[in-house]
Structures are given as C-alpha cells and as structure tokens.
Amino acid sequence: MTDAARGDLLVVDDLIVEYPGKGFRAKPFRALTDVSIRIGQGETLGLVGESGSGKTTLGRAVLGLAPVTGGRITFEGEDISHASRKQRQKLSRDLQVVFQDPYTSLNPAMEIGEILAEPLTIQGIGPAESKARIKELLDHVNLPSDALHRQPREFSGGQRQRVAIARALALSPKLIVCDEPVSALDLTTQARVLDLFLQIQQDTGVSYLFVSHDLDVVRHISHRVAVMYHGEIVEQGPASQVTVAPQHPYTQRLLLASPVPDPDRQEVRRANRRRLLDEQKNPDLVAAAGS
Ligand SMILES: Nc1ncnc2c1ncn2[C@@H]1O[C@H](COP(=O)(O)OP(=O)(O)OP(=O)(O)O)[C@@H](O)[C@H]1O
C-alpha cells in the first residue's frame, strides 16, 4: 500500500513536551522539540533512538500521559492534544498500549480472564459478549483457553506479552503504542512476538507506533521509521531506506553499532562501515563503530 493510499490516522505536528522541573525555581526540562510524525491506517511507524532520546515521551504524549507544551496531536482529524478525562475514556477504545515489561504490566493477583475482561467491563460490555470476546482474543494470540483461570506468574515472558497484547486488542483499537514490547524477551521469543504483531495487523488493519532502541527489530516490523536524537526527529522515511542506507550521521552510527548475526550481512555492513569511515573521517563515528 502506498503512503498516500493509507489516510492519516495520527498526525503529530511540531510537538513540544516539557516536564516540570523539580524543586523550587527549577527550570522545566524539554524532552521533545518540534516533533512531527504521521501514521496511516494499517501502518507501522518504527521509532528508534538511544536511551533518553524521547521515544517513550512521544508515545506517552499520544496517550495523554505526558504534558503537551506546544504543537498539536490529531487522531482521526480530532485535536487530542489536551483531551479531557471523558474524551480520553472514549479514546481508549481506539488508542491502546503495550508496555515493555510483561512481568510488571499485568496485575499478578488477577486471573488472565479477569485481566482481559477489565477493559471490556469499563466500556460497558456485558458478561456474555465479554466471554465470547475473551475466547476470541486468546485464540488470536495463540494462548490455550485454559489460560483463563491461571495467573500471570504461571506463564513465560513471551506468553505474558501475548496476554498484554490480547488486553490491548480487546476493544479493537485503531492504534497501539508499543513501547519496547519485545526488548525484555529472548531472541527466539522476540521473533515469535514480532510475527504475532504482524499477523494481528494483517487480520485487523491496526496501526502501530512501535518504539524500540533496536534497529533490526524496527526494520522487521515497520513500514516507515523515524529516528530520535536528543528529543528531535533527525530522519524519517521508508524502513528499507532509513535502516539500510540512512542519511543522517546519527542513524548511520546507530546502524553501525547494532550487532548482525548473519555473516553475509555482517560482511556487507563491515564494507559499508569502512566506506563511511573513509568518507566521513568523523571522530564520533569512528568511536561508535569500534574496530
Ligand atoms: N516524568 C518525567 N519527568 C522529568 N523528566 C522526564 C520524565 N520522563 C522522562 N524524562 C526525561 O525525558 C527524557 C526522555 O526520556 P524518555 O523516557 O522519553 O526517553 P527514551 O528514548 O524512551 O529512553 P529509554 O529508551 O531509556 O526508555 C530523558 O532525559 C528523561 O530523563
């Protein structure tokens, strides 16, 4: 599908986020400066950048969890930059989140059935409809139906993340903010959970804002990629371009620093690295690329 054909679901224009300073007369801390992104229907925008660059803050601002100091966030054409509690409750049908840590994001005292019923009950969905929907959700994320009466501690990290994904899907959202959803998982489990995200997108047409510090993960899952550095987007474009032949020196550094298990790709990357180092003679780049 082309970008033009998708239609924008989420549009963020010149977003500024400042966190209040701590202590008397402390200055606010600016975490995002003039950030602009858009996400089409059924599209995944991967958001990469090093720790502290502002990725989570952007996801939180979209969810109404970080203070919007300037700019605008529009969802389906409606300005949600300063949405009220009531508007947020309505929005939560369409806008969901999957967090990084499947060990802390699920209430350990609740059974899986209760965890999945919660968003449905909050939206006023009755017990019969809710029961049928929960069964569907477990099927969708490939968990057995006897999971219903078990607690999170009885499941592996990957299975818990499947529960978190099922919970996010409960109300058939249009956009899911995925904040490092596979980084707490081992490599094999990561690949399975990423494939589940892709399968769900194919089945439901959901869009993802997919936050990760891992360029390989983002390349696998995204249609387009935006790169954050010190609270600003320094580069964005098709995943095949940004993750393979990036234009910005910071993205080039990120690419060179990420490990490559495949020996053929490793060789290609080494050659690219040598070429870049020769071309740029950039001391930062030489340090980041190592030997
Ligand atoms: N609630 C807060 N109050 C004050 N500063 C904050 C708050 N949350 C985040 N920050 C700061 O904002 C900046 C961006 O943080 P953020 O968590 O968005 O980065 P990130 O790219 O998601 O990092 P990581 O990959 O480590 O999660 C950091 O300097 C962080 O210390």
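In the predicted model, the ligand is surrounded by Tyr19, Phe29, Ala31, Gly49, Ser51, Gly52, Ser53, Gly54, Lys55, Thr56, Thr57 and His213. Two elements, strand 2 (29-40) and helix 2 (55-62), each give two or more residues to this shell. Helix 2 supplies the largest share, three residues. Sorted by class, the shell around the ligand comprises three nonpolar, eight polar and one charged residues.

Strand 2 also belongs to an open sheet of four strands, which are arranged in the order 2-1-4-5 with antiparallel pairing. Strand 2 and strand 5 (78-79) occupy the edges of this sheet; each has a single partner strand, so one side of each is left without a neighbour in the sheet. At one of these edges, strand 5 pairs with strand 4 (residues 68-75) in the antiparallel sense, over two bridges. Within this pairing, Thr74 is placed opposite Asp79 of strand 5.

A further open sheet is formed by six strands in the order 6-7-8-3-9-10, and its pairing is mixed. Its edges are taken by strand 6 (95-98) and strand 10 (232-238), each of which has a single partner strand, so one side of each is left without a neighbour in the sheet. From one strand to the next, the twist averages 15 degrees. The pairing of strand 6 with strand 7 (residues 175-179) is parallel and extends over four bridges. Leu95 has Leu175 as its bridge partner in strand 7.

Among the helices, helix 4 (residues 112-122) packs with helix 5 (residues 127-140) at an angle of about 125 degrees, and the two axes lie 10 Å apart. An angle that is neither under 35 degrees, nor over 145, nor from 65 to 115 counts as oblique; helix 4 and helix 5 are therefore oblique to each other. The crossing in which helix 4 passes helix 5 is right-handed. Helix 4 contributes Gly113, Leu116, Ala117, Leu120 and Thr121 to the contact, while helix 5 contributes Ser130, Arg133, Ile134 and Leu137. By class, five nonpolar, three polar and one charged residues make up the contact of helix 4 with helix 5.

Methods. Residues numbered from 1 in each chain as written. Predicted model: local features only at pLDDT ≥ 70, side-chain atom pairs only at ≥ 80, totals over all residues. Near = placed C-beta within 6 Å. Nonpolar A, V, L, I, M, F, W, Y, C, P; charged D, E, K, R; others polar. Pairing = 2+ DSSP bridges. Axes fitted to C-alpha atoms, helices over the stretch in contact; angles between N-to-C directions. Left-handed = near helix turned anticlockwise from the far one by under 90°. Contact = placed C-beta atoms within 7 Å.
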